[in-house]
Amino acid sequence: MIRDTTLGAKLWAAAVWATVGFFVVNLLAMIATVVTSSFATRWLGTWLPAGWTTRWYSSAWSEFQLWDVLMVTFQVIGAVVFISGVLGVTAAYALARRDFPGKKLLVLLFLLPLMIPSMTFGIPLATVLYQTGLAGTFWGVVAANLVPTVPFVILVMIPFIEQIDPKIEAAARVFGANTFKLFVHVLLPLLMPGILAALLLVLVRTIAMFELTFLVAGPTSQTLVVALYYAVFAAGVRAVQSIDAMAVIYMVTTLVWLIIALRFVNPTQIVTRAKQQPAH
Amino acid sequence: MTIALSQFDEVRLDRVSRDFGALNALRDVSLTIRRGEFIALLGPSGCGKSTTLNCIAGLLPVTGGAIWLDKSRVDTLRPEERGFGMVFQNYALFPHLNVRQNIGFGLKMRGRPRAEIDRKVDEALSLVRLQGQEHKLPGQLSGGQQQRVAIARAIVIEPPLVLMDEPLSNLDAKLRLEMRAEIRRIHNELGATTIYVTHDQDEALSLADRIVVLRDGAVRQVGSPKELYETPAHFDVADFMGFRNKLKGQVVAVEGSRAVLDVEGARISGIVQERVTPGAVAYAAIRPDDLVVGDGGRNAIAATVDTIEYRGREFVGTAHSAGGLDFVFRSHQQVEPGSTVHLQADDERVLVFAEPVQGRH
Amino acid sequence: MDVLAHAPAVEQGPSLRQRLAAKGFDAVTLLVVPAAVFSLLLFVYPFAFGFVLSFEPKGGGEWLSNYRRFFSDPFLYETIAKTLWLAIPVTLLNLLLAIPIAFRVRLMRHQRLLTTILVLPITLGTVLVAEGLLNYLGPQGWFNRTLMTLGLISQPLKLVHNYWGVFASLLITGFPFTFLLTLSYVTGIDPALEQAAATLGASAWQRFRHVYLPLLMPGLAITFCLSFVQAFSVFPSAVLLGEPAGPTRVISIAAAQAAFEEYDYSMGAAIAMIMGVVQLAIVVAVLASRGLFYRGPASGAKG
């Protein structure tokens with residue numbers, strides 16, 4: 001890598017880092033604002049609150065029925081992760097191992113829900129779910145969330161499965177493994193790191209998936225992020241600090257899983273599907 | 001010929017050093033390259049040969065010493081200001097530019113007129129024998145053709161010095177021999193000055209006017225291919241130049257340029273390459289070609305045959321001595337594995353080296 | 001290689017199963033069926049259903065009347081311009097910031113810390129960012145307070161409940177997305193190409209202009225498209241941080257209101273279709289111009 005040492009190059013580098021610093025500082029300050037406010041007794045027109053308290057957490061907990069909301073959230077996420085894992089991994093295996101007419105079309109079909117913003121396909125999807133009576137129910141929310149997550153798992157898993165040599169499966173066959181044994185003793189252990197990474201990413205994305213859940217959820221099938229939206233939307237009804245306390249609870253739920261996920265995946269994988277092979 | 005390489009007398013590396021953090025990648029490398037020479041930098045991987053080349057090209061800043069082109073100092077210049085031509089290991093052809101644009105890239109960057117660029121690129125194309133391919137993208141070329149483009153691109157800017165970083169390592173064996181000859185032909189036709197990095201001693205021996213052997217970031221020996229092949233100055237250079245039989249022993253006597261070693265009770269005499277004193281531990285180094293099955297007279301050591309391979313005109317075998325020394329030898333007749341033979345070498349073909357200083361490598 | 005389907009011994013000619021397997025259809029291929037059916041039911045069918053529904057207006061009338069109404073009512077058709085007016089500047093700004101930063105970060109040793117911080121707003125999501133910015137950018141928030149302390153302004157800037165609030169939220173969630181995509185394209189380019197250009201006399205700017213930029217163009221076009229469609233479908237922050245009845249009444253709001261507040265699913269579907277068409281038009285335009293550039297591996301070409 002060529003590093004320039006001229007004054008112009010140094011100024012340019014300084015300007016670039018200053019921009020990054022400005023962005024990061026504002027981002028962290030924004031998060032700190034939410035956290036500070038959630039512990040504030042009264043915070044108006046000063047740098048820091050007048051005093052500190054934790055009571056907003058208990059009031060948010062009861063006001064927003066957070067226990068119920070959290071239960072629904074985790075049930076939705078659990079169902080989404082499980083179903084997208086089963087559907088996604090099996091489909092990815094077929095797509096990685098077989099060439100058949102129409103495969104390209106199918107891959108395009110799986111790619112589209114990831115490229116098209118959820119708001120665009122969410123409205124017709126919600127309409128269909130309302131007409132079938134699924135909207136507002138738990139399974140309606142799960143179904144809507146699966147639309148982008150199943151393709152996501154497929155597209156993360158295809159390259160992962162492709163890099164496993166099919167000869168390993170052939171070898172297992174030769175040594176007498178039947179289909180079930182092949183799957184349990186050979187494929188599953190080999191695929192586990194990929195499945196784990198894909199499902200953790202699905203989990204993190206589903207907690208934060210607002211649009212689809214918002215469009216199809218009813219009062220008893222809201223997830224935390226939708227409840228937070230309604231709370232902010234109706235700001236003025238509740239104390240700001242109470243909403244902030246709820247926001248902190250939401251942040252903690254997300255960040256715990258993000259930290260777990262980052263043990264297994266590279267942060268860039270949350271945005272790009274497969275890390276590009278660094279060219280030698 | 002209008003591709004006329006810039007005229008100069010010599011390129012001089014004056015105690016060039018390069019640190020990577022605490023690690024010393026290059027230590028006080030001094031070297032003078034005269035105009036028209038073909039110099040090979042030879043050594044095992046990690047010896048600093050590519051680092052040396054990158055320092056000359058300006059891709060890595062030196063951390064000590066200086067590089068001179070005649071009277072002007074170049075190590076402080078940025079790579080684009082040095083004007084040396086470089087051929088990269090993976091060619092580094094611009095994948096979005098066709099052959100003609102790749103070759104003309106350097107001239108275009110210098111803002112030369114279109115007509116001049118066209119003329120010089122045509123000439124470079126004919127020099128590397130790529131006429132008719134000029135509108136192809138690099139991805140459409142074979143490995144050998146890509147190699148030719150990379151060479152043309154480096155020489156068309158008429159550099160005082162052409163740098164080549166293991167340019168043949170990505171080619172298959174047959175193409176490698178062919179391109180080796182091509183590189184030498186182009187060097188001769190242009191009267192270029194070339195520094196060529198390789199880890200392949202055959203390549204260095206056949207191409208270079210002078211070979212610089214590097215090890216652990218330091219120059220171990222500089223000499224003509226013949227000098228290096230026949231009289232390596234150090235034990236590790238001998239090892240690298242194909243002296244595969246390394247007999248550890250004790251110096252019994254030193255007489256002028258000869259020394260006699262006691263190797264597991266056998267007397268082995270050879271030519272002294274490094275100063276040795278009687279009583280000290282030393283090594284006798286012999287090429288497999290020079291170690292033959294004999295009748296057990298002078299300069300012989302007994303060994304048990306492990307394997308024997310038929311190689312057409314002769315046999316090549318491996319053996320070990322009672323004390324655990326390993327041998328690779330040549331034989332005119334079949335010998336049975338398990339049998340004991342006397343391996344023997346001519347005095348003139350045995351080189352004696354002092355024991356390498358430990359902890360250096 | 002046939003793992004799961006064992007062709008039975010046959011007397012004459014290949015069996016149907018063998019013939020299918022030869023084309024790539026066997027038991028393994030069937031594993032794709034559940035996901036494909038699922039995708040048809042929940043993605044393709046709703047789209048098709050919505051498309052047809054948009055031509056069946058709720059109050060009866062002629063088949064195009066939803067679209068006629070959209071393009072004759074400024075309260076509706078202006079949402080396209082308002083959304084573009086947000087999405088295009090934000091996307092361009094994100095991309096222009098992302099390119100030089102990606103070039104710097106590529107050289108960085110501890111990239112992971114920065115990418116982890118940048119991935120935060122993406123994982124936290126638009127709702128939380130909107131909630132945080134409401135306070136942070138508000139008249140009493142730390143941002144205005146800092147600017148006033150530094151003496152840069154005397155009155156707090158109005159940064160929420162208007163265009164700039166939504167702009168800021170799209171910057172905070174959109175920039176990391178754009179940046180991480182750009183970074184993956186930048187690091188995909190073989191550094192030896194830059195070194196080769198340098199030895200051939202190209203200055204830093206020439207190396208960027210003649211080597212990196214042409215190789216990056218296809219990736220940047222895709223990054224632009226993905227970032228743009230995300231910004232174009234902005235919804236929660238336009239409601240929470242903007243003026244959802246005024247300058248930030250974006251097209252998503254219009255669609256959601258029609259469908260779920262007025263219960264006019266037909267109109268909602270029509271607006272969603274219009275939204276999709278605008279996104280598609282921009283994406284097609286950008287990707288078509290991509291045809292002008294080199295497309296292929298961005299490393300030193302090998303055989």
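A salt bridge here is a side-chain nitrogen of Lys or Arg within 4 Å of a carboxyl oxygen of Asp or Glu. By that rule, zero salt bridges are found across the interface of chain C and chain A.

The model is predicted: local features need pLDDT of at least 70, side-chain atom pairs count only at pLDDT 80 or more, and totals for chains, interfaces and linings use all residues. Side-chain values use heavy atoms, without hydrogens and water, residues are numbered from 1 along each chain as its sequence is written, and chains are lettered from A and ligands numbered from 1 in the order in which they are written.

**Chain A.** Select chain A and colour it by secondary structure. There are 11 helices and zero strands, helices (H or I, at least four residues) and strands (E, at least two) being DSSP runs numbered from the N terminus. Along the principal axes, the C-alpha atoms of chain A fill a box of roughly 75 × 65 × 35 Å.

**Chains C and A.** Add chain C. In this interface 105 residues of chain C are in contact (heavy atoms within 4.5 Å) with 102 residues of chain A. The two chains bury about 8900 Å² between them, 77% of it on carbon and sulfur atoms; buried area is the accessible area (1.4 Å probe) that two parts lose on being put together, summed over both. Show C:Phe43, C:Arg104 and C:Trp142 as sticks: they supply 8% of the area that chain C buries against chain A, more than any other three residues.

**A helix pair.** Next select residues 240-262 of chain A, helix 11, and residues 111-136 of chain C, helix 6. They pack at about 160 degrees with axes 11 Å apart, the axes being lines fitted to C-alpha atoms over the stretch in contact and the angles running from 0 to 180 degrees between N-to-C directions. Helix 11 of chain A and helix 6 of chain C are therefore roughly antiparallel (over 145 degrees). Residues making the contact include A:Tyr250, A:Met251 and A:Leu258 of helix 11, and C:Val119, C:Leu124 and C:Leu128 of helix 6. The residues of this contact divide into 11 nonpolar, five polar and three charged; Ala, Val, Leu, Ile, Met, Phe, Trp, Tyr, Cys and Pro count as nonpolar, Asp, Glu, Lys and Arg as charged, and the others, Gly among them, as polar.

**Chains C and B.** Now hide chain A and show chain B. The contact takes 26 residues from chain C and 25 from chain B. About 2200 Å² is buried between these chains, with 68% from carbon and sulfur atoms. One salt bridge is counted between chain C and chain B. To see a salt bridge, select C:Arg207 and B:Glu80, whose side chains meet at 3.2 Å, N to O.

Terms used. Angles under 35 degrees count as roughly parallel, over 145 as roughly antiparallel, 65 to 115 as roughly perpendicular and the rest as oblique.
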